[in-house]
Amino acid sequence: MVGTLFNKGIGFITVPIFTRILTLDDYGLVTTYNSWVSIVSMFVSLALYMAVRASFIDLRENVDDFLSVITTFTLVYGCIITAFVTTIMYILPVAVDVGLVILCFIQSLASALIENVSMYFMMKYRYKARTMIMILPNLLSTIIAIILIKVVLNTDRYLGRIIPNVSITAMFGIVAVFYALKHSEMRFNKYYLQYGLRISAPLILHGIALNVLAQSDRTMITSIRSASETGIYGLIYNFSMIATVLTTALDGVWIPFFTEKMRLGAYDEINAISKKYIKLMTSAIVGVILVAPELVKILSTRSYWEGISIIPPIVLANYLIFLYTMYVNVEHYYKKTVFISLNTLAAAISNIVLNLYFIRSFGYVGAAYTTMVSYLFSLILHYMYARRLNKELFPLKQFFMPTVCVAMVVIVFYAFEDIRLVRWVMALVCMIVVFFTEKKWVKSILEKGI
């Protein structure tokens with residue numbers, strides 16, 4: 001958990017640096033490139049890391065062999081698809097930078113290899129190893145990027161952010177391959193590969209749809225409006241994900257706990273803990289909304305400040321991600337990956353359709369609200385299907401009061417947007433209440449997990 005917080009914190013802390021040493025266009029191009037990596041990674045990885053998670057249920061005695069087989073397959077498949085795409089782009093005239101596309105595929109393949117091993121570490125409770133493989137690539141690439149942009153590059157400074165990411169990620173991808181192959185001599189097993197692809201293949205569509213939900217806004221804003229608007233939207237979006245950093249961090253503890261309790265049929269215990277989990281995340285969301293304007297002003301130059309008005313819908317979108325992920329975990333446990341993909345795809349399509357009108361009419365502000373609506377649609381779909389699988393888990397009433405609380409805070413945000421004292425006092429009161437009511441539980445998580 002601390003590793004995830006540290007890893008995400010690096011990105012957050014360096015926002016004011018990169019918004020100052022990159023132009024709005026450079027920052028927008030980097031944001032768009034990162035969107036490419038997120039989408040391409042799903043094609044290259046085939047989402048096999050999710051099969052690693054499932055293997056700890058069905059292949060408990062052979063997870064090392066399974067990891068070796070899928071890592072070998074990912075490496076070979078990734079190299080083939082990279083070579084194929086590169087060849088096609090050199091043969092056919094394309095309107096995009098071929099060099100950036102090649103870098104994108106290299107980084108995507110390396111990320112896929114790292115993700116396989118990272119999931120293995122998480123399910124094994126190898127927290128120190130997982131922390132290192134999460135922190136070091138981001139930390140090293142960020143340091144190198146700052147030096148490269150400030151000292152070496154006078155033009156095309158966006159490359160100073162992209163090239164270090166690719167180089168360092170590739171290096172750790174190689175380390176991940178050596179680790180996976182070191183612990184098993186098995187390189188190919190038809191049953192393991194079929195098992196992994198049967199679980200993961202439908203999730204490719206899910207992953208792509210998720211990335212379309214998360215990233216298509218930026219690509220469409222760049223295309224329909226301008227890279228400058230993408231830069232503003234990207235900054236606010238990244239800032240608004242502060243609260244989800246806690247969710248991502250706790251997932252490393254929640255998923256193994258949830259999987260084990262599901263195997264034992266301990267549904268009441270899962271529901272009891274989930275109430276505290278929801279309360280903790282609701283408080284984080286409330287805090288982010290209330291203190292956001294001042295933090296954005298600290299993190300960026302004045303040219304980005306106009307984006308402060310879209311903080312509430314973007315933060316609410318991230319809150320909805322947290323809520324629907326709880327139902328997605330149920331679908332994962334029952335291996336209903338096809339339905340996960342179909343539900344998420346429906347929400348992604350709705351986002352694109354809404355964006356076509358609202359971005360053209362309202363720019364990045366329209367994108368913020370279409371994102372929120374699309375994630376709400378996704379929550380409804382995943383809730384309906386997960387409840388069909390298991391009616392005892394996560395009743396909707398658990399989410400009613402927390403959601404009402406967040407909605408009321410949004411009203412406070414707009415009513416007192418220019419009166420920071422009111423908002424900050426409310427945030428402080430919220431933090432104190434949560435600290436004293438859930439102190440023992442949070443301490444328990446830090447000491448021995450959920």
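**Group meeting: salt bridges, a buried glutamate and two positive phi angles**

I'll start with E269, which is partly exposed, at a relative accessible area of 36%. Before going on, a reminder that this is a predicted model.

E269 pairs with K261 in a salt bridge, and the closest N and O atoms there are 3.4 Å apart. How many salt bridges are there by this rule? The count comes to 4. I will go through some of them.

Next is E260 with R263, a salt bridge with its closest N and O atoms 2.6 Å apart. Both residues belong to helix α11, residues 242-264, and they sit 3 residues apart, about one turn of the helix. On accessibility, E260 is partly exposed, with a relative accessible area of 30%. R263 is partly exposed as well, at 41%.

Now E294 and R423, whose side chains meet in a salt bridge at 2.7 Å, N to O. E294 is in helix α12, residues 267-299, while R423 is in helix α17, residues 420-437, so this pair ties together parts that are 129 residues apart in sequence. Are these two residues buried or exposed? Both E294 and R423 are buried.

That brings me to a buried charge without such a partner. E331 sits in helix α13, residues 311-333. E331 is buried but has no salt bridge. Which side chain of opposite charge is nearest to E331? R388 is, at 9.0 Å, and the cut-off for a salt bridge is 4 Å. What E331 does have is a polar contact of 3.0 Å, side chain to side chain, with H382. Setting aside residues up to four places away in sequence, E331 touches K336, I340, N343, H382, Y385, A386 and L389. H382 therefore appears both in that contact list and, as a side-chain partner within the 3.5 Å limit, in the polar contact.

The same helix, α13, spans residues 311-333, and I311 takes us to the nonpolar core. The largest nonpolar core has 135 residues. Which residues have the most contacts inside it? They are Y233, W254, F258, I311 and F394. Beyond its neighbours within four places in sequence, I311 is in contact with I236, F239, S240, A292, P293, V296 and F413.

On to helix α7 and its arginine. α7 has 26 residues and reaches 37 Å from first C-alpha to last, close to the 38 Å expected at 1.5 Å a residue. The helix covers residues 127-152, and R130 is found in it. R130 is buried, with a relative accessible area of 19%; the limit for buried is under 20%, so R130 falls on the buried side of it. What lies 3.2 Å from a polar atom of the R130 side chain? The backbone oxygen of S118 does. R130 and I174 are 44 residues apart along the chain, and their C-alpha atoms are separated by 16 Å. The buried residues of α7 are R130, I133, M134, I135, P137, S141, T142, A145 and I149.

Helix α3 is next, residues 24-45. α3 has 22 residues and reaches 32 Å from its first C-alpha to its last, close to the 32 Å expected at 1.5 Å a residue. What happens just after α3? L46 takes a positive phi of about 55 degrees there, although L46 is not a glycine. Most residues other than glycine have a negative phi. L46 is in the loop between α3 and α4, the latter being 48-58. A47 is found in that loop too, and A47 also has a positive phi of about 55 degrees without being a glycine. As for burial, L46 is buried at a relative accessible area of 11%, and A47 counts as buried at 1%.

Last, P16, in helix α2, residues 15-21. P16 is buried, with a relative accessible area of 17%. Which residues does P16 contact, leaving aside neighbours within four places in sequence? I298 and L299. P16 and K297 are 281 residues apart along the chain, and their C-alpha atoms are separated by 9.3 Å. I298 and L299 fall within α12, residues 267-299, the helix that also holds E294 of the salt bridge with R423.

That is my list. Thanks.

Conventions: Residues numbered from 1 in each chain as written. Predicted model: local features only at pLDDT ≥ 70, side-chain atom pairs only at ≥ 80, totals over all residues. Heavy atoms only, no water. Helix = DSSP H or I, 4+ residues; strand = E, 2+ residues; numbered from the N terminus. Expected span 1.5 Å × (residues − 1). Core = buried A, V, L, I, M, F, W, Y, C linked by side-chain atoms within 4.5 Å. Buried < 20%, exposed > 50% of the residue type's maximum accessible area, 1.4 Å probe, protein only. Contact = heavy atoms within 4.5 Å. Lys, Arg positive; Asp, Glu negative; His and termini not counted. Polar contact = N/O pair within 3.5 Å; in protein donor to acceptor, adjacent residues only side chain to side chain.
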